[in-house]
Amino acid sequence: MSAGTRPSLAIVGGGSDNREADIQASFTQDPLTSKCKATRVRNALEYLRACAQLEEDVSQGPGCRFPFIVFHAKEDEWTSSEGSCHLYRHSKAQDKSLRLLEGGTHTLTKGAEGQQLLREVRQWLLQRTADVTAAR
């Protein structure tokens, strides 16, 4: 049975983020979010495919040469910050930033520090697009 024939089959269970009860409640109540308590086969395969492609690009191919910033919560219980650290270390980009955040969760933009993080992203983007905007 492949992911194509059973794309919604659950394979890896996950728990709720009890540190951010209000955020968890909003996800639970949102009709557009999955009520499945586990990662589905298709999602897992797409994650793996994307990670494998990124790994190949970073380590063997042209790599990430474009400016980028990575935010990752140190206490993220769903994904390891080591993947973000690896991307940062192996990227060939001249303009790259890694921000490992204390106290954040997997849903960085939804937590208490979310608005500050979004302001930081906005500022980062504005700094890098100023030249393009001025040239127009």
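1. Let's start with His 72, a residue of strand 3 (strands, E, at least two residues, and helices, H or I, at least four, are DSSP runs numbered from the N terminus). His 72 counts as buried because its relative accessibility is 8%; buried means under 20% relative accessible area, exposed over 50% and partly exposed in between, with a 1.4 Å probe and protein chains only.

2. A word on the basis of these values: this is a predicted model, in which local features need pLDDT of at least 70 and side-chain atom pairs count only at pLDDT 80 or more, while totals for chains, interfaces and linings use all residues. Residues are numbered from 1 along each chain as its sequence is written, and side-chain values use heavy atoms, with hydrogens and water left out.

3. What does the side chain of His 72 reach at 3.1 Å? It is the backbone oxygen of Thr 79. The His 72 side chain also makes a polar contact, at 3.4 Å, with the side chain of Asp 76 (a pair of N or O atoms within 3.5 Å; within protein, one must be able to donate a hydrogen and the other to accept it, and residues adjacent in sequence count only if both atoms are side-chain atoms). Leaving aside residues up to four places away in sequence, His 72 touches several others, including Ser 84, Arg 99 and Leu 108; contact means heavy atoms within 4.5 Å.

4. Now look at the strand itself. Strand 3 spans residues 68–73, and 5 of its 6 residues are buried, so the rest of the structure largely encloses it. Strand 3 pairs with strand 4 (residues 96–101) in the parallel sense over 6 bridges, where pairing requires that DSSP finds at least two bridges between the strands. Within this pairing, Ala 73 stands opposite Leu 101.

5. Helix 3 (residues 81–90) joins these two strands in a right-handed β-α-β unit: with the strands pointing away from the viewer, the path from the first strand over the helix to the second runs clockwise. At the N-terminal end of helix 3, Ser 80 acts as a cap, with a side-chain oxygen 3.1 Å from the backbone nitrogen of Glu 82.

6. Finally, the cysteines. Cys 85 sits in helix 3 and counts as buried because its relative accessibility is 12%. Cys 85 touches Leu 98 and Leu 100, not counting residues up to four places away in sequence. Cys 51, by contrast, counts as exposed because its relative accessibility is 53%. The disulfide count is 0, taking a disulfide as a pair of cysteine sulfur atoms within 2.5 Å.
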